[in-house]
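Here's a quick walk through a ligand site and the sheets of this fold. Have the model open as you read.

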Amino acid sequence: MSRHYDVAAVRKAFPAAEHVVYLDSGFQTPLSRPVKEAYERFLQEGFETAGPKQIWLNRLEETRTKVAAFLGARPNEIAFTKNTSESMNIAANALPLRAGDKVLMIHGDHPNNAYAFLNLRKKGVEIVFIPMTEVVDAESFRPHIDERTRAISMSLVTFHAGHRFDVESVGALCAERSLYFVVDAMQGIGVVPIDAKAMKATFIGSGTHKGLLVPQGLGLLYWDATRTELEPAYLAAASLAEPPLDFVARPDNLALPPTAGRFELGNFNLPAIQGLGAAIDLINQIGIENIQRHCFDLGDYLIERLNGLGVGLVGPRDRQHRAPHIYVIALPAADWLDYFTQNGVRVSPERDGIRVSLGMFNTTADIDRLMEAIRARNAPSARARTAVLSKLG
Ligand SMILES: Cc1ncc(COP(=O)(O)O)c(C=O)c1O
């Protein structure tokens, strides 16, 4: 049931959701029919024609245009990468940072972003971690900025507790203080609407295997194309403004194009890119705002029922500061994960509990089945406690 779209129809596109209570889209979404069909078309074409590469490259450009529109950017600002880690490393190494410069990050944020910047310590760059609080916004970073600070990098949504940080206010602060701003959008993309320009981001990095519904192995990088001073650390023929048509490298012409293609290296993950095109079509048919609203409604429903059971939630509760689709329940993962798996409920273990992560196909019935599982396990001990108490009484 959804107030926002026909979730029963959408659910039919995700057959895996019928076999298991799938509450793990923050890990990887199940394969949907449209994405599978895009892969199958690619395989069939490769099988029958040995690869219509130009057709595939044309589709790649179509997908690039779809990604750009999806992020409020222009196609020349989008590069295809391998995953979030690669995108964050490309971004970190493109910033013109020198020994003594400082980058601000959030303690406990995703390590795939943190390591990309920590690796710059070998150049003498200092990485300063500010505390992770329930709300992180411009005011969280402001007191830590000094004359050596050059950049801020952070997640839009946290994977381990479902914070949705106020990246717009941090982006505005970066613009005010002339800092580069790098955002890891992996855990939010496909559920939380993203407007790269409103975020004032220099770079946004992401993978595509969560909210963007593609199997693992494809990433995205948004680059603010006005930042032409930012150059790639690595180079391939495809990264150049004028790749040599005769395939003989020209040492005298390493000029870069005015596009995010400067950050692309070699051949592409073509089947995944075609899958991404199909996934964005599906998301656009439903509407990203509707997906967000639907997940928020399910989240409210989950929180209400957890309250009823007296089970806590880790991370923010109010809609302003929480992600629509990531909820960490305060049940120790070491005690509960196997139990959920054995009972056909797919969730993830996290630092402080069990992560329930929602997708466009989830319903309140999925939450009910999760709650039944918690109740069933808690019930005997609750009964035992009552028995002990009545004896003591
Ligand atoms: C915030 C965030 N960044 C990055 C990743 C993953 O990085 P990669 O796409 O390189 O595997 C995840 C989860 O897998 C994540 O939640």
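## The ligand site

A polar side-chain atom of Thr84 sits 2.6 Å from an oxygen atom of the ligand, and one of Lys210 lies 2.8 Å from a ligand oxygen. Asp184 deals with a nitrogen instead: an N or O atom in the Asp184 side chain is 2.6 Å from a nitrogen atom of the ligand. (A polar contact here is a pair of N or O atoms within 3.5 Å; within protein, one must be able to donate a hydrogen and the other to accept it, and residues adjacent in sequence count only if both atoms are side-chain atoms.) On its own the ligand exposes 390 Å², and the protein buries 86% of that (Shrake-Rupley areas with a 1.4 Å probe; for residues, only the protein chains shown count as cover).

This is a predicted model, in which local features need pLDDT of at least 70 and side-chain atom pairs count only at pLDDT 80 or more, while totals for chains, interfaces and linings use all residues. Residues are numbered from 1 along each chain as its sequence is written, and side-chain values use heavy atoms, with hydrogens and water left out.

The shell around the ligand includes Asn83, Ser85, His110, Phe159 and Met186, where a residue is near if one of its heavy atoms lies within 4 Å. By type, the shell splits into two nonpolar, seven polar and two charged residues (Ala, Val, Leu, Ile, Met, Phe, Trp, Tyr, Cys and Pro are nonpolar; Asp, Glu, Lys and Arg charged; the others, Gly among them, polar).

## The seven-stranded sheet

Seven strands make an open, mixed sheet in the order β2-β8-β7-β6-β5-β3-β4. Helices (H or I, at least four residues) and strands (E, at least two) are DSSP runs, numbered from the N terminus, and two strands pair if DSSP finds at least two bridges between them. β2 (78-81) and β4 (126-130) each have a single partner strand, so one side of each lacks a neighbour in the sheet. β2 pairs antiparallel with β8 (219-223) over four bridges, with Ile78 bridged to Tyr222.

Helix α5 (84-94) lies across β2, β5, β6, β7 and β8, at about 160° to β7. Axes are lines fitted to C-alpha atoms, for helices over the stretch in contact (heavy atoms within 4.5 Å), and angles run from 0 to 180 degrees between N-to-C directions.

## The four-stranded sheet

The antiparallel open sheet runs β9-β10-β13-β12. β10 (326-329) and β13 (353-357) share four bridges, and Ile326 has Ser357 as its partner. Helix α11 (288-309) crosses β9, β10 and β13 at about 15° to β10.
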